[in-house]
Amino acid sequence: MPSVFIKTAFLKARFKCSRCGTCCHHKRPEEFGDLVPLERLKEFWQKSNLIYLTHQEVEAIRRETGLEPAQFVDTLFEYDGKTVHIDDAGERIILDFPVMKSKEDTTCIFFRDGCTIYPLRPKACRLFPFRVEEETNDQGDLTLNICYNESCPGMGMGKIADKALLQRLVLDQFKERSESVASEVRALAEEGRIGKNARIYRSHPGRREKSGSML
Ligand code: SF4
Ligand code: SF4
């Protein structure tokens, strides 16, 4: 059975947030279409700055703010609490993880002179400027590689980052996401909706609205 490993791509890293707000500006690389093939995922992550949410985090924000998910979440498909979508007669499995919506000026929908949902902010915000790159080997083992975003001006300042805390956040985020994906894939497989040569894609959340394209 494949295993999951968590590692950090650095020995020691200093970090102190200067509250510049850069991480609350969400970048979407225009050169990517609706779907991101897994072999280009690393490039996509390096060029984008999107805040991914788990369904539990969407639910907590909905409960506390009274907003509907469509008001603060971007997905490629209409948000219905599910991540896995099947297209092209079962030949494409599309993982459509929700990301935080942004305003016209690219700032987060919850950014007004700072974060207006600070106690509720998702784990991806708590982690920033640290982020995760996933690597899978031929045996299917998955490594969650914690690296950092060099555009953050707080890197290199302050105290040495607490690796144990970062790993705990990454593990919690991974568990919440993988549990829902695994159960959705299982249900779709039982219904016979996944083709035997199906390829996996990740979505470019919010892209469909801009391009007007149809899957
Ligand atoms: S980009 Fe870095 S320094 Fe600026 S607000 Fe985000 S975490 Fe803090
Ligand atoms: S939720 Fe808060 S911390 Fe996270 S991107 Fe939005 S404004 Fe910034």
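Phe 77 turns out to be partly exposed in this predicted model, because it has 15 C-beta neighbours inside 10 Å, and a residue needs 20 or more of them to count as buried and 12 or fewer to count as exposed. As for its place in the chain, Phe 77 sits in the loop that links strand E4 (73–74) to E5. Leaving aside residues up to four places away in sequence, Phe 77 touches His 85 and Asp 96. With Asp 96, the separation along the sequence is 19 residues, while the C-alpha atoms of the two are 7.3 Å apart in space.

The loop with Phe 77 leads into E5, and that strand belongs to an open sheet. Four strands make up this sheet, lined up as E3-E11-E6-E5, with mixed pairing. Strand E3 (35–37) and strand E5 (84–87) are at the edges with a single partner strand each, so each has one side without a neighbour in the sheet. On average, and with direction ignored, neighbouring strands here are turned by 35 degrees against each other. At the E3 end, the pairing with strand E11 (residues 199–203) is antiparallel and runs over three bridges. Within that pair, Val 36 has Arg 202 of E11 as its bridge partner. At the other end of the strand order, a helix comes into the picture: helix H5 (residues 163–190) lies across E5 and strand E6 (92–95), and its direction makes an angle of about 35 degrees with E5.

There is also an open sheet of three strands, in the order E1-E9-E8, and its pairing is mixed as well. Strand E1 (4–8) and strand E8 (130–136) are the edge strands here, each pairing on one side only. Neighbouring strands in this sheet are turned by 25 degrees against each other on average, again with direction ignored. E1 pairs with strand E9 (residues 142–148) in the parallel sense, and five bridges hold the count for this pair. One of the residues involved is Phe 5, whose bridge partner in E9 is Thr 143. As a general point, strands of a sheet pair through backbone hydrogen bonds, in either a parallel or an antiparallel way.

Next come the ligands. Around ligand 1 the surrounding residues are Cys 17, Ser 18, Arg 19, Cys 20, Gly 21, Thr 22, Cys 23, Phe 128, Pro 129, Cys 152, Pro 153 and Gly 154. Sorted by class, this shell has seven nonpolar, four polar and one charged residues. Ligand 2 has its own surroundings, made up of Cys 24, Ile 51, Met 100, Cys 108, Phe 110, Phe 111, Cys 115, Ile 117, Arg 121 and Cys 125. Here the classes come out as nine nonpolar, no polar and one charged residues.

Stepping back to the whole protein, its secondary structure amounts to six helices and eleven strands. The C-alpha trace spans about 55 × 40 × 35 Å along its principal axes. A compact globule of 215 residues would have a radius of gyration near 17 Å, and the 17 Å found for the protein agrees with that. Buried residues account for 24% of the 215 residues. As for how the chain meets itself, 74% of the contacts between residues at least 6 apart in sequence join residues that are at least 24 apart.

How values were computed:
Residues are numbered from 1 along each chain as its sequence is written. Chains are lettered from A and ligands numbered from 1 in the order in which they are written. This is a predicted model: local features need pLDDT of at least 70, side-chain atom pairs count only at pLDDT 80 or more; totals for chains, interfaces and linings use all residues. Two strands pair if DSSP finds at least two bridges between them. Helices (H or I, at least four residues) and strands (E, at least two) are DSSP runs, numbered from the N terminus. Axes are lines fitted to C-alpha atoms, for helices over the stretch in contact, and angles run from 0 to 180 degrees between N-to-C directions. A residue is near a molecule or strand if its C-beta atom, placed from the backbone, lies within 6 Å of it. Ala, Val, Leu, Ile, Met, Phe, Trp, Tyr, Cys and Pro count as nonpolar, Asp, Glu, Lys and Arg as charged, and the others, Gly among them, as polar. The radius of gyration is taken over C-alpha atoms; the globule rule is 2.2 Å times the number of residues to the power 0.38. Two residues are in contact if their C-beta atoms, placed from the backbone, lie within 7 Å.
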